[in-house]
Amino acid sequence: MLILDSARITDLPGNAFYIPNFITPEEEERILNKINSAPLPRWTQLSHRRLQTWPSALTKSNTLLAAPLPDWLHEPIIHPRLESLGCFADAPHQAPNHVLVNEYRPGQGIMPHEDGPAYYPLVATVSLAGSIVLDLYEKKEQEGGIHDQDTAPSFRILQEPRSLLITTGSLYSQYLHGIADRLTDENLTPEAICNWDFLGEPESYSATRSYERQTRISLTYRDVLKVAKLGNSVKFLNRGR
Ligand SMILES: O=C(O)CCC(=O)C(=O)O
């Protein structure tokens with residue numbers, strides 16, 4: 001990942017890379033239109049966010065039924081941008097085959113968690129519409145694996161709209177990541193935000209050192225390790241359309 005070296009967040013253990021303005025405002029708008037025009041059943045409503053899963057949810061045995069991603073998730077993010085970074089070059093399928101679209105309204109978040117063994121240990125996240133702080137917590141062998149909500153995060157990454165964040169290595173395996181369910185992200189300073197030097201518009205936070213949350217959507221690109229090709233049965237299912 002030599003090409004990414006200038007984007008490496010050096011304050012973090014493992015490998016994490018942040019690239020602001022990875023897509024243009026026009027590309028962002030086009031993708032948002034696609035997400036927002038998806039039929040309602042495409043959304044899964046969770047208690048603190050809603051979610052679209054492309055091309056489909058994994059089976060109980062963490063298997064993806066082979067299907068292409070829709071064009072609007074493929075271009076320009078996978079082709080040509082992620083391809084030119086080469087970040088999935090060592091992944092089993094050399095490209096992401098699965099995307100979660102998470103929508104967080106102000107006040108919503110996601111509990112600290114790890115992404116687990118279903119995926120090649122690299123996540124490429126493109127943020128849309130709003131900024132948000134991703135918190136990283138060192139994994140502790142806690143009883144029952146339950147995360148202590150009072151623990152302060154070890155690291156905080158500020159994700160701006162249109163940015164790309166790549167996390168991999170020990171960040172994938174040794175840390176939990178989460179987003180606090182709050183209305184305002186505070187203490188946005190060079191000392192407290194580990195990717196501050198990489199931000200596209202750090203000045204927009206400097207007056208109040210805070211950010212009042214707007215709806216933010218993330219696209220998390222991953223390579224699912226186990227893929228089942230349905231082959232003839234899919235052809236059979238499609239015959240009636
Ligand atoms: O929205 C994000 O940036 C994080 C999403 C996430 O943690 C996940 O999909 O597992």
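**Exercise 1. Locate Pro80 and state the geometry of the peptide bond that joins it to His79.**

Step 1. Pro80 sits in helix H3. Helices (H or I, at least four residues) and strands (E, at least two) are DSSP runs, numbered from the N terminus.

Step 2. The bond between His79 and Pro80 is cis, with omega about 10°.

Step 3. Glu75 to Pro76 is also a cis peptide bond; omega is near 5°. Pro76 belongs to the loop between H2 and H3.

A note on the model: it is predicted, local features need pLDDT of at least 70, side-chain atom pairs count only at pLDDT 80 or more, and totals for chains, interfaces and linings use all residues. Residues are numbered from 1 along each chain as its sequence is written, and side-chain values use heavy atoms, with hydrogens and water left out.

**Exercise 2. Describe helix H1: its span, its buried side and its cover.**

Step 1. H1 runs over residues 25-36, which is 12 residues. From first C-alpha to last it reaches 16 Å, close to the 16 Å expected at 1.5 Å a residue. The expected span is 1.5 Å times one less than the number of residues.

Step 2. List the buried residues of H1: Glu27, Glu28, Ile31, Leu32 and Ile35. They cover an arc of only 135° around the axis, so they lie on the same side of H1. The arc is that of the directions from the helix axis to the C-beta atoms. Buried means under 20% relative accessible area, exposed over 50%, and partly exposed in between (1.4 Å probe, protein chains only).

Step 3. Turn to the opposite face. Glu26 and Glu29 are exposed there, on the face of H1 turned away from its buried side.

Step 4. Find the cover. The buried residues of H1 are covered by elements including strand E3 (50-54), helix H2 (71-74), helix H3 (77-85), strand E5 (98-104), strand E7 (122-128) and strand E14 (216-222).

**Exercise 3. Place Leu128 relative to H1, then examine Ser127.**

Step 1. Leu128 lies in strand E7. Its relative accessible area is 0%, so Leu128 is buried.

Step 2. Leu128 and Ile31 are 97 residues apart in sequence, yet their C-alpha atoms are 8.7 Å apart in space.

Step 3. Check contacts (heavy atoms within 4.5 Å). Leaving aside neighbours within four places in sequence, Leu128 touches, among others, Glu28, Ile31, Leu32 and Ile35. Other partners of Leu128 include Thr215, Arg216, Ile217 and Leu219.

Step 4. Ser127 is also found in strand E7. At 0% relative accessibility, Ser127 counts as buried.

Step 5. The side chains of Ser127 and Arg216 make a polar contact of 2.8 Å. A polar contact is a pair of N or O atoms within 3.5 Å; within protein, one must be able to donate a hydrogen and the other to accept it, and residues adjacent in sequence count only if both atoms are side-chain atoms. With neighbours within four places set aside, the contacts of Ser127 include Gln159, Glu160 and Pro161.

**Exercise 4. Which residues are the closest to the ligand, and how much of its accessible area does the protein cover?**

Step 1. There are 14 residues surrounding the ligand (a heavy atom within 4 Å). The closest are Tyr104, His113, His177, Arg216 and Ser218.

Step 2. Tabulate distances from polar side-chain atoms to an oxygen atom of the ligand.

| Residue | Distance |
|---|---|
| Asn102 | 3.2 Å |
| Asp115 | 3.2 Å |
| Arg222 | 3.1 Å |

Step 3. The ligand has 300 Å² of accessible area on its own, and the protein covers 94% of this. Accessible areas come from the Shrake-Rupley method with a 1.4 Å probe; for residues, only the protein chains shown count as cover.

**Exercise 5. Compare the settings of Asn187, Thr189 and Arg209.**

Step 1. Asn187 is in the loop between E12 and H5. Its phi is near 55°, positive in a residue other than glycine. At 45% relative accessibility, Asn187 is partly exposed.

Step 2. Thr189 is in the loop between strand E12 (184-185) and helix H5 (203-206). At 5% relative accessible area, Thr189 is buried.

Step 3. Outside its neighbours within four places in sequence, Thr189 contacts Trp196 and Arg209.

Step 4. Arg209 lies in the loop between H5 and strand E13 (211-212). Arg209 is not a glycine, but its phi is positive, about 55°.
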